Amino acid sequence: MKIMILGSGGTLGKDFINILKQKRENFYAYTKEQLNILNLERLNKAIDEVKPDTIINCAGYTKVDMAEIEKDKAFSVNALAVFNLAKICREKGIFLTYISTDYVFSGEKTSPYHPFDTASPLNYYGLSKLYGENYIRDSGCDYLIVRTSWLYGTEGNNFFLKLLEKSESKDEITVETDQISSPTSTITLSKTIIALLNKGGRGIYNITDRTKNGISLYTFAKKIMEVFERKTVIKGVKSSELLRPAKRPSYSVLDIEATEFIIGERLPYWEVSLGEMKRRM
Ligand SMILES: NC(=O)c1ccc[n+]([C@@H]2O[C@H](COP(=O)([O-])OP(=O)(O)OC[C@H]3O[C@@H](n4cnc5c(N)ncnc54)[C@H](OP(=O)(O)O)[C@@H]3O)[C@@H](O)[C@H]2O)c1
């Protein structure tokens, strides 16, 4: 399988490359500087040069709060570029993998979201990602849409790294107690995407690390401090007190059963993945 990775300079992209190298997969990776997916001409040219069997789009506009202000930018990267990509993939017979989010859901459920539950995003980032999903579904291309949550890794713009950075200079950090979901290590996500592709997974699947019906962001932050032996105190706060521009779902745990069924193995517990991430740093 010849794989083309787009947006390879981000949290997922960088760790995905390491996993592909480990697995000795045949891949070609492009950062935004090497290939901006908004440039349709360059995108077409690069795809024609590589002639991939599969494109994995790790590129995304991921600034959830800024997306409320920079709506056009978020829509261009998360939806419009994906519309073009799906069209190219259909025309050229290339399989497309798109990474989507738990933020397509409103958070009203109290049990994990299935891939077929109705999406109803609370913020513009989630809406732009849902547009991306729908463009792919309507395009007629062969695809895998993977929804994930609280993605973290050794590089890029993610909660885990920002928390570790802040803990170097701060004695106390406030984190939300009323947002419940499951963290996902880039290692779990990359390995499981490859496993799904190898097992012929098609359509929408959820991939996260395993929790028992979710944990709060506060619990995640406290565990990161413990595992990385930081003295910074994590103080719990309600989301409403932080006055963020974008609303977040209070509950967005994703059901991973269908994914585990297809790949024939269980996804790791979140504490195990966090420990593995530490060993890799
Ligand atoms: N982070 C999470 O918690 C989370 C949760 C659920 C789903 N996801 C999804 O998972 C995917 C990967 O997220 P991530 O955490 O790895 O995000 P990230 O760290 O922000 O990485 C995204 C990468 O895409 C690049 N990019 C942006 N616009 C581009 C363009 N026009 N052309 C090519 N590349 C472009 C970015 O480059 P610049 O930084 O230079 O702009 C960055 O390197 C995204 O689709 C995201 O929506 C993330």
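This is a short tour of a predicted model, with stops at the ligand and at a pair of packed helices.

**Stop 1: the ligand and its shell.** Start by selecting the ligand, then bring up the residues around it: 24 of them surround it. The closest are Leu12, Asn36, Thr62, Tyr125 and Lys129. Colour the shell by class and you'll get eleven nonpolar, eleven polar and two charged residues.

**Stop 2: the polar contacts.** Which side chain should you show next? Go for Thr62, where an N or O atom of the side chain is 2.6 Å from an oxygen atom of the ligand. Then pick Lys129: a polar atom of its side chain also lies 2.6 Å from a ligand oxygen. For Leu151, switch on the backbone, since a polar backbone atom there is 3.0 Å from an oxygen atom of the ligand. Now try a surface view: the ligand exposes 900 Å² when taken alone, and the protein buries 84% of that.

**Stop 3: what builds the shell.** Switch to cartoon and select helix 1 (11–22), strand 4 (95–101) and helix 4 (124–139), the elements that give two or more residues to the shell. Which one gives the most? That's strand 4, with three residues.

**Stop 4: two crossing helices.** Leave the ligand and select residues 186–198 (helix 6) along with 270–280 (helix 10). Their axes are 9 Å apart and the packing angle is about 100 degrees, so helix 6 and helix 10 sit roughly perpendicular to each other. To see the contact, show Thr186, Ile187, Thr188 and Lys191 on helix 6, which meet Ser273, Glu276, Met277 and Arg280 on helix 10. By class, this contact has two nonpolar, three polar and three charged residues.

Technical notes. Residues numbered from 1 in each chain as written. Predicted model: local features only at pLDDT ≥ 70, side-chain atom pairs only at ≥ 80, totals over all residues. Heavy atoms only, no water. Near = heavy atom within 4 Å. Polar contact = N/O pair within 3.5 Å; in protein donor to acceptor, adjacent residues only side chain to side chain. Areas by Shrake-Rupley, 256 points an atom, 1.4 Å probe, with all protein chains shown as cover. Helix = DSSP H or I, 4+ residues; strand = E, 2+ residues; numbered from the N terminus. Nonpolar A, V, L, I, M, F, W, Y, C, P; charged D, E, K, R; others polar. Axes fitted to C-alpha atoms, helices over the stretch in contact; angles between N-to-C directions. Parallel < 35°, antiparallel > 145°, perpendicular 65-115°, else oblique. Contact = heavy atoms within 4.5 Å.
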